[in-house]
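Please walk through the cysteines of this model and the surroundings of two of its ligands. The text below takes the cysteines before the ligands.

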Amino acid sequence: GYVVSLLVFYGTCLILNLCLIFMFPPYTDTLFFIPLTLMDRAWFPKTLPCDVKSSEGTVTVDCTDRRLTEVPRGIPGNATNLTLSINHIPHIYPTTFNHLESLEEIDFRCNCVPLKIENGSFAALTSLRSLYLDANQLAEIPRGLPATLSLLSLEANSIFSIQEASFSELGNIEALYLGQNCYYRNPCNVSFEIEKTAFLGLKKLTILSLKSDNLTQIPPTV
Ligand SMILES: *[C@@H]1O[C@H](CO)[C@@H](O)[C@H](O)[C@H]1NC(C)=O
Ligand SMILES: *[C@@H]1O[C@H](CO)[C@@H](O)[C@H](O)[C@H]1NC(C)=O
Ligand SMILES: *[C@@H]1O[C@H](CO)[C@@H](O)[C@H](O)[C@H]1NC(C)=O
Ligand SMILES: *[C@@H]1O[C@H](CO)[C@@H](O)[C@H](O)[C@H]1NC(C)=O
Ligand SMILES: *[C@@H]1O[C@H](CO)[C@@H](O)[C@H](O)[C@H]1NC(C)=O
């Protein structure tokens, strides 16, 4: 009896469905739209709170000022330039970006909350060339950065002690911005300290900014 009522139930559903399609053409439209929607989803979900632009070889994803408290899901896997500035994201982990291996540039400036970056958070990004982490109240230079980096910007943080070991992975760095880490608007209350050999390994360095850093001396090996 149970099986029979199930069969009757599904039979009715089937017929009803067909009738619905027959009686309400818009319903058929919906059916045709489903595959289109699914294809769209493979690219990126409509719920992604960011602007996505794709042009020759570049996919830019702009999530500026969207009140985000975490990196949104659904960023397209072939994103090359990602902007997450002016949000409220407190923590970056090694899993945060590890599925976005095409990234060449991350702009993560001005998160309005203190930011904690776990070491190795960018290690999987072997195409990363530019990393902007300014104005995030960072107290240290993150470790485990990819060796591909050519630009690193850490201005207006709370980094006032620079060691050679901080840059051990950054042999390809060309531009290093470390300014405004200790000045009247962002006081650190001590002298900005740079280990004598800190920049020795950075053979490709052409731009080094230490503006407004409460320096008492210029490191002799710069
Ligand atoms: C990125 O991937 C989407 C979906 O596969 C594709 O339509 C787009 O052309 C790709 N863009 C680039 C620059 O590779
Ligand atoms: C990152 O590594 C350095 C050097 O080993 C260590 O001093 C620092 O505390 C680590 N940072 C975090 C957030 O774990
Ligand atoms: C994307 O990032 C690369 C690497 O930093 C940069 O040279 C390029 O100008 C960026 N493109 C856009 C459209 O922002
Ligand atoms: C330096 O002193 C000011 C004023 O007392 C304080 O607000 C700030 O947090 C101090 N900075 C550090 C890095 O301790
Ligand atoms: C600069 O360093 C001196 C010690 O050399 C310290 O007394 C002063 O507070 C520091 N300035 C700022 C703006 O943190």
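A residue counts as buried under 20% relative accessible area, as exposed over 50%, and as partly exposed in between. The model discussed here is a predicted one. With a relative accessibility of 35%, Cys110 falls in the partly exposed class. Cys112 is also partly exposed, its relative accessible area being 47%.

Why are Cys110 and Cys112 not bonded to each other? A disulfide requires two cysteine sulfur atoms within 2.5 Å. The closest cysteine sulfur to that of Cys110 belongs to Cys112 and is 7.4 Å away, which is too far for a bond. Seen from the other side, the closest cysteine sulfur to that of Cys112 is the one in Cys110, again at 7.4 Å and too far for a bond.

How many disulfides does the cut-off give? The count is two. With the bonded cysteines of the protein chain numbered in sequence order, the pairing reads 1-2, 3-4.

One disulfide joins Cys50 and Cys63, with 2.2 Å between the sulfur atoms. This link is right-handed, with 100 degrees about the S-S bond. Cys50 sits in the loop between helix H2 (25-43) and S1, while Cys63 sits in the loop between S2 and strand S3 (81-83), so the bond ties together parts that are 13 residues apart in sequence. Cys50 is buried at a relative accessible area of 8%, and Cys63 is buried at 0%.

Another disulfide is formed by Cys182 and Cys188, whose sulfur atoms are 2.2 Å apart. Its torsion about the S-S bond is about -85 degrees, and the disulfide is therefore left-handed. Cys182 counts as buried with 4% relative accessibility, and Cys188 is buried with a relative accessible area of 10%.

Cys182 and Cys188 also appear among the residues around ligand 5, together with Tyr183, Pro187, Asn189, Val190, Ser191 and Asn214. By class, this shell holds five nonpolar and three polar residues, and no charged ones. Where does ligand 5 meet polar atoms of the protein? An oxygen atom of the ligand is 2.6 Å from an N or O atom in the side chain of Ser191. The backbone takes part as well: a polar backbone atom of Asn189 is 2.7 Å from an oxygen atom of ligand 5, and a backbone N or O atom of Val190 is 3.2 Å from an oxygen atom of this ligand. On its own, ligand 5 has 360 Å² of accessible area, of which the protein covers 57%.

Ligand 1 has another set of neighbours: Trp43, Ser54, Ser55, Gly57, Thr58, Val59 and Asn78. This shell divides into two nonpolar and five polar residues, with no charged residue. Two side chains can be followed here. In Asn78, a polar side-chain atom lies 2.3 Å from an oxygen atom of ligand 1. In Ser54, an N or O atom of the side chain is 3.2 Å from a nitrogen atom of ligand 1. Taken alone, ligand 1 exposes 360 Å², and the protein buries 48% of that. Strand S1 (51-55) and strand S2 (58-62) are the elements that give two or more residues to this shell. S1 and S2 also border the loops of the Cys50 and Cys63 disulfide, with Cys50 in the loop between H2 and S1 and Cys63 in the loop between S2 and S3.

How values were computed:
Residues numbered from 1 in each chain as written. Chains lettered and ligands numbered in written order. Predicted model: local features only at pLDDT ≥ 70, side-chain atom pairs only at ≥ 80, totals over all residues. Heavy atoms only, no water. Near = heavy atom within 4 Å. Polar contact = N/O pair within 3.5 Å; in protein donor to acceptor, adjacent residues only side chain to side chain. Areas by Shrake-Rupley, 256 points an atom, 1.4 Å probe, with all protein chains shown as cover. Nonpolar A, V, L, I, M, F, W, Y, C, P; charged D, E, K, R; others polar. Helix = DSSP H or I, 4+ residues; strand = E, 2+ residues; numbered from the N terminus. Buried < 20%, exposed > 50% of the residue type's maximum accessible area, 1.4 Å probe, protein only.
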